[in-house]
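Thanks for coming, everyone. I'll take a few minutes on one structure. Have a look at it first.

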Amino acid sequence: MSIADSEIAEALTAYLDRYPEEKTLLAEPVELLARGKDFASRRNFDMHVTVGALLTRGEEILLVGHLAYGIPLQPGGHLEPSDTTLIDAAVRELAEETGIDPDSVVAVSQEPVYVEFGRVPARPQKDEPEHFHLDLGYAFTTTGDVGSLQESEVTSAAWYRLDEAERLVGPRIRRACAPSGRMG
């Protein structure tokens with residue numbers, strides 16, 4: 001059973017209730033979701049949802065070398081038809097890409113700590129035209145460590161100090177560690 005547009009809309013609404021200053025920035029995905037059009041499907045090129053995992057261990061955060069983009073990012077990726085919740089999809093992507101034991105991962109919030117809407121370049125090798133991603137990111141903590149990498153998606157996985165990760169990826173990283181991201 002794939003994730004319903006209503007669950008995606010609820011997650012986005014909860015996020016915007018928490019970060020109302022981003023309503024203008026996210027107005028387009030809100031409008032698209034109001035129309036409802038299977039945004040869990042990777043084949044929806046108006047927009048489709050991806051999930052990210054901001055995973056901290058003590059004072060460090062995990063980043064992966066993203067193969068397709070050639071830059072360090074938080075682990076994450078596309079929803080699968082078997083995903084039943086957004087947060088579980090984020091854990092699945094995290095475990096797939098980094099080999100971390102999902103049983104060692106604990107959510108620090110049931111709501112997204114970042115949402116980004118952006119254009120994705122065409123990927124002819126995957127038969128994908130230019131399209132838009134709505135990326136919903138969740139914060140987690142662990143005492144575990146990286147295992148076998150999904151080499152078809154990532155080139156590396158490493159723990160970074162928060163300031164270095166934020167310099168590489170951007171301000172969304174801080175939300176994984178900020179007290180406001182530590183809600184249950």
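One definition before the tour: a polar contact here is a pair of N or O atoms within 3.5 Å, where one must be able to donate a hydrogen and the other to accept it. Keep in mind that this is a predicted model.

Let's start at S104. The side chain of S104 reaches the backbone oxygen of D101 at 2.7 Å. That is a polar contact, because the cut-off is 3.5 Å. Where is S104 found? In the loop between α3, residues 86-98, and β5, residues 105-107. Is S104 buried or exposed? Its relative accessible area is 19%, so S104 is buried, the limit being under 20%. Setting aside residues up to four places away in sequence, S104 touches T141, T142, T143 and G144.

Now take T142 from that list. T142 sits in strand β7. With a relative accessibility of 5%, T142 counts as buried. Which backbone atoms does the side chain of T142 reach? One is the backbone oxygen of S104, at 2.7 Å. Another is the backbone nitrogen of G144, at 2.8 Å. So S104 uses its side chain toward D101, and its backbone oxygen is reached by T142. Beyond four places in sequence, T142 also touches L55, T56, R57, I100, V105 and W159, along with S104.

Next, helix α4. This helix covers residues 162-169. Which residues of α4 are buried? They are L162, A165 and V169. Looking down the axis of α4, these buried residues fall within an arc of 65 degrees, so they line one face of the helix. Here is the background. An α-helix has 3.6 residues a turn, so residues three or four places apart point the same way. What does that buried set pack against? Against β2 (60-66), β3 (71-73) and β8 (154-161).

L168 is in α4 too. L168 is partly exposed, at 31% relative accessibility. Its contacts, leaving aside neighbours within four places in sequence, are L63, P72 and Y160. L168 and I71 are 97 residues apart in sequence. In space, their C-alpha atoms are 8.4 Å apart. Just after α4 comes G170, with a positive phi of about 125 degrees.

While we are on phi, two other residues deserve a look. Most residues other than glycine have a negative phi. D38 has a positive phi of about 55 degrees, although it is not a glycine. D127 also has a positive phi of about 55 degrees, and is not a glycine either. Where do they lie? D38 is in the loop between α2 (27-35) and β1. D127 is in the loop between β6 and β7. D38 is partly exposed, with a relative accessible area of 41%. D127 counts as exposed, at 54%.

On to the pockets. The largest pocket holds about 690 Å³ of space. How many residues line the largest pocket? There are 35, and T50, H66, Y69, L73 and H133 lie nearest its centre. By class, the lining divides into 10 nonpolar, 12 polar and 13 charged residues. At least two lining residues come from each of β1 (48-57), β3, β4 (76-78), α3, β6 and β7 (131-142). Which element gives the most? β6, with six residues.

The second largest pocket has a volume of about 190 Å³. Its lining includes Y15, E22, Y114, F117 and R175. Here too, β6 gives the largest share, with four residues. What classes make up this lining? Seven nonpolar, four charged and no polar residues.

Last stop, strand β6 itself, residues 114-120. G118 is found there. At 25% relative accessibility, G118 counts as partly exposed. G118 is in contact with H131, F132 and H133, leaving aside neighbours within four places in sequence. H133 came up a moment ago, among the residues nearest the centre of the largest pocket. By contrast, G118 and Y138 are 20 residues apart along the chain, and their C-alpha atoms are separated by 18 Å.

That's my tour. Happy to go back to any part of it.

How values were computed
Residues are numbered from 1 along each chain as its sequence is written. This is a predicted model: local features need pLDDT of at least 70, side-chain atom pairs count only at pLDDT 80 or more; totals for chains, interfaces and linings use all residues. Side-chain values use heavy atoms; hydrogens and water are left out. Buried means under 20% relative accessible area, exposed over 50%, partly exposed in between (1.4 Å probe, protein chains only). Contact means heavy atoms within 4.5 Å. The arc is that of the directions from the helix axis to the C-beta atoms. On a 1 Å grid over the protein atoms alone, a cavity is a set of points where a 1.4 Å probe fits but cannot get out, and a pocket is an open set with protein on both sides within 12 Å along at least five of seven lines; lining residues have an atom within 4 Å of a point. Grid points are joined across faces, edges and corners, and a volume is the space filled by probe spheres set on the points. Ala, Val, Leu, Ile, Met, Phe, Trp, Tyr, Cys and Pro count as nonpolar, Asp, Glu, Lys and Arg as charged, and the others, Gly among them, as polar.
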